[in-house]
There are 2 protein chains.
Amino acid sequence: MDKSTKCALCPQKAVVHLKYFNRKLCKQHFSELTQDRIRKNISKNELVDKNNRVAVAVSGGKDSTTLLYSLANFAEKFPIELVGITIDEGIEGYRSESLKVVEKNYKKLGIEYKILRYENEVGKPMDEIVKKDQRLPCSYCGVFRRDLLNKAALEVDADKIATGHNLDDEVQSILMNYIRGDFSRLARTGTKTAADTGFVQRIKPLSVVPEKEIALYAMLNNFEVYWGECPYSHEAFRSEIRDTLNRWEERSPGTKYQIYNGAENLKELLKGAIGGAILFECEICGTPSPSVICKSCEMKKEVR
Amino acid sequence: MDKSTKCALCPQKAVVHLKYFNRKLCKQHFSELTQDRIRKNISKNELVDKNNRVAVAVSGGKDSTTLLYSLANFAEKFPIELVGITIDEGIEGYRSESLKVVEKNYKKLGIEYKILRYENEVGKPMDEIVKKDQRLPCSYCGVFRRDLLNKAALEVDADKIATGHNLDDEVQSILMNYIRGDFSRLARTGTKTAADTGFVQRIKPLSVVPEKEIALYAMLNNFEVYWGECPYSHEAFRSEIRDTLNRWEERSPGTKYQIYNGAENLKELLKGAIGGAILFECEICGTPSPSVICKSCEMKKEVR
């Protein structure tokens with residue numbers, strides 16, 4: 001066991017111990033490693049092409065703020081255009097606060113942006129929806145947010161939507177899909193979605209960085225981040241899976257990467273075996289949908 | 001919540017509550033359900049063909065004893081021949097005790113049997129092997145047992161080897177393969193192995209019955225079972241996975257079946273995508289092997 005508190009690469013004090021490769025790093029080397037991982041993820045998986053217009057989905061939290069700054073940094077060397085897209089679900093005291101942070105960051109980086117609000121798009125803010133409905137708020141909110149991110153990306157004429165999903169988010173989803181046996185969802189998602197789904201392609205540049213490290217990276221770089229949590233958040237299954245994964249990782253450092261890489265391989269193996277869902281165009285809003293009315297329009301009817 | 005202590009199907013007292021389909025059953029209906037599941041697993045998955053000679057791998061524990069009686073029962077209605085195969089690893093106070101139980105059951109059912117012993121086949125009993133070697137005993141023992149079961153089955157001229165793996169064993173293996181990303185192993189194993197591997201085909205008639213229910217079934221039917229545990233057993237990873245699965249099942253009854261069914265579907269999807277390993281014949285013993293000397297012969301050299 002390495003008892004030193006020094007960086008493995010220089011004489012500076014270590015700020016982090018990456019157990020999965022048994023290495024302690026100082027602020028500078030940790031930041032470089034993180035940037036490097038994100039950059040390699042983008043290039044190796046061809047997440048963007050030259051001259052792409054990339055819509056960055058920003059909520060103000062640690063992940064999406066790190067994403068915004070990382071892509072701004074990436075855009076200095078590779079010709080892509082960034083435009084921010086933000087969804088205002090209408091949650092007083094939570095989203096109202098984070099929006100201030102989001103706008104500060106957009107302005108600081110000089111990035112144009114678009115905000116879509118549930119109040120206008122769905123017809124009601126979440127604060128109203130939760131009052132009336134028995135369903136779990138997340139079940140609505142996930143569908144609406146997804147739908148509006150796509151709408152916002154189309155409105156700003158983007159080629160891609162970049163989201164701040166980190167390694168932990170991805171591995172949780174992978175394990176949930178394994179448990180549910182949902183290999184068709186597994187094949188559809190991941191670091192980038194297929195280009196031909198009818199939706200704006202989604203990319204996840206942070207998918208190779210563990211959640212804890214993104215939090216540390218955001219703090220070390222003094223990003224202005226909103227740390228609050230959604231008051232309606234209630235994802236019992238995902239919480240259970242999160243705990244399990246953290247326990248496994250604690251016992252066997254590297255487990256999360258192992259699961260992530262395994263799923264990437266599985267996706268390759270499944271290519272061709274899983275056909276794309278046959279898509280209609282939603283009769284109300286025109287977006288691609290597995291049924292004649294899309295889930296979002298159906299739910300909008302429910303909540304109005 | 002159903003507070004009754006009565007069987008859902010008759011006025012008898014319930015002996016079990018199957019939470020995953022919210023049903024309480026009496027001894028008779030629970031036994032019928034269990035038999036039915038095993039029978040359906042055999043027929044639906046074509047685990048045996050008419051006039052097959054089936055080698056039943058029996059250790060004397062609850063699973064393999066239940067397997068032996070279940071197949072004896074099955075053989076009354078469907079023309080298959082049974083022959084017992086048992087491996088004596090040479091573990092004093094454990095296998096020496098269970099062997100007495102095994103032979104009693106073979107004799108009670110009038111089933112011919114063959115016992116192969118590490119002492120003769122490997123050259124040393126496990127009690128000797130563990131004294132000398134640093135490796136975890138299970139890593140050897142698993143390889144030797146697997147090899148000797150195949151050898152015993154060939155010697156008794158069997159078409160199939162039936163093993164007592166239950167639902168929990170299977171789901172643990174599935175989850176371990178997901179975590180390791182070992183989809184080639186996942187595709188090779190399951191309720192029955194491929195017929196063309198060069199090894200005697202293995203079948204698992206109990207793969208659809210949860211471990212707890214097999215224990216209960218064995219007790220209710222007064223099977224003579226050896227309940228001891230191997231003194232060398234040490235499978236840290238599997239234990240962790242077992243605990244995780246039991247926790248998930250407790251929170252969401254049915255999770256084990258869900259994972260099991262998902263993996264069966266995945267195996268279908270992977271058909272064709274994963275090629276069989278190119279096999280040599282082991283230069284020493286002649287069994288199929290991915291290398292010129294098989295793992296078992298290599299390990300035999302190590303321990304001798």
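This report walks through a predicted model, from one chain's build to the pairing of the copies and a few side chains.

Some housekeeping: residues are numbered from 1 along each chain as its sequence is written, chains are lettered from A and ligands numbered from 1 in the order in which they are written. Local features need pLDDT of at least 70, side-chain atom pairs count only at pLDDT 80 or more, and totals for chains, interfaces and linings use all residues, while side-chain values use heavy atoms, with hydrogens and water left out.

**Chain A**

Chain A has 12 helices and nine strands (DSSP runs: H or I of at least four residues for helices, E of at least two for strands, numbered from the N terminus). Its C-alpha trace spans about 60 × 45 × 40 Å along the principal axes. The radius of gyration of chain A is 20 Å, which agrees with the value near 19 Å for a compact globule of 304 residues (taken over C-alpha atoms; the rule is 2.2 Å times the number of residues to the power 0.38).

Of those 304 residues, 51% count as buried (under 20% relative accessible area; exposed is over 50%, partly exposed in between, with a 1.4 Å probe and protein chains only). Take the contacts in chain A between residues at least 6 apart in sequence: 70% of them join residues at least 24 apart (contact means heavy atoms within 4.5 Å).

**How the copies relate**

A turn of 180° and a shift of 0.0 Å along the axis lay chain A on chain B with an RMSD of 0.0 Å (least squares on C-alpha atoms of residues with pLDDT of at least 70 in both). The two copies are thus related as by a two-fold rotation axis. In chain A, L270(A) has the C-alpha nearest that axis, 3.3 Å away. Both copies use the same surface, as 100% of the contact residues of chain A recur in chain B.

**Aromatic rings**

Over all chains there are 24 aromatic pairs (Phe, Tyr or Trp rings, the six-membered one for Trp, with centres within 6.5 Å; planes under 30 degrees apart are stacked, over 60 edge-to-face, the rest tilted). Here are two of them:

| Pair | Centre to centre | Angle between planes | Type |
|---|---|---|---|
| Y20(A) and F21(A) | 5.5 Å | 85° | edge-to-face |
| Y20(B) and F21(B) | 5.4 Å | 85° | edge-to-face |

F21(A) is partly exposed at 37% relative accessible area, and F21(B) is partly exposed at 37%. Elsewhere, Y178(A), F183(A), Y178(B) and F183(B) form one aromatic cluster.

**A buried serine**

S98(B) sits in helix α3 of chain B, residues 95-109. Its relative accessibility is 0%, so S98(B) counts as buried. Setting aside neighbours within four places in sequence, S98(B) contacts S59(B) and Y226(B).
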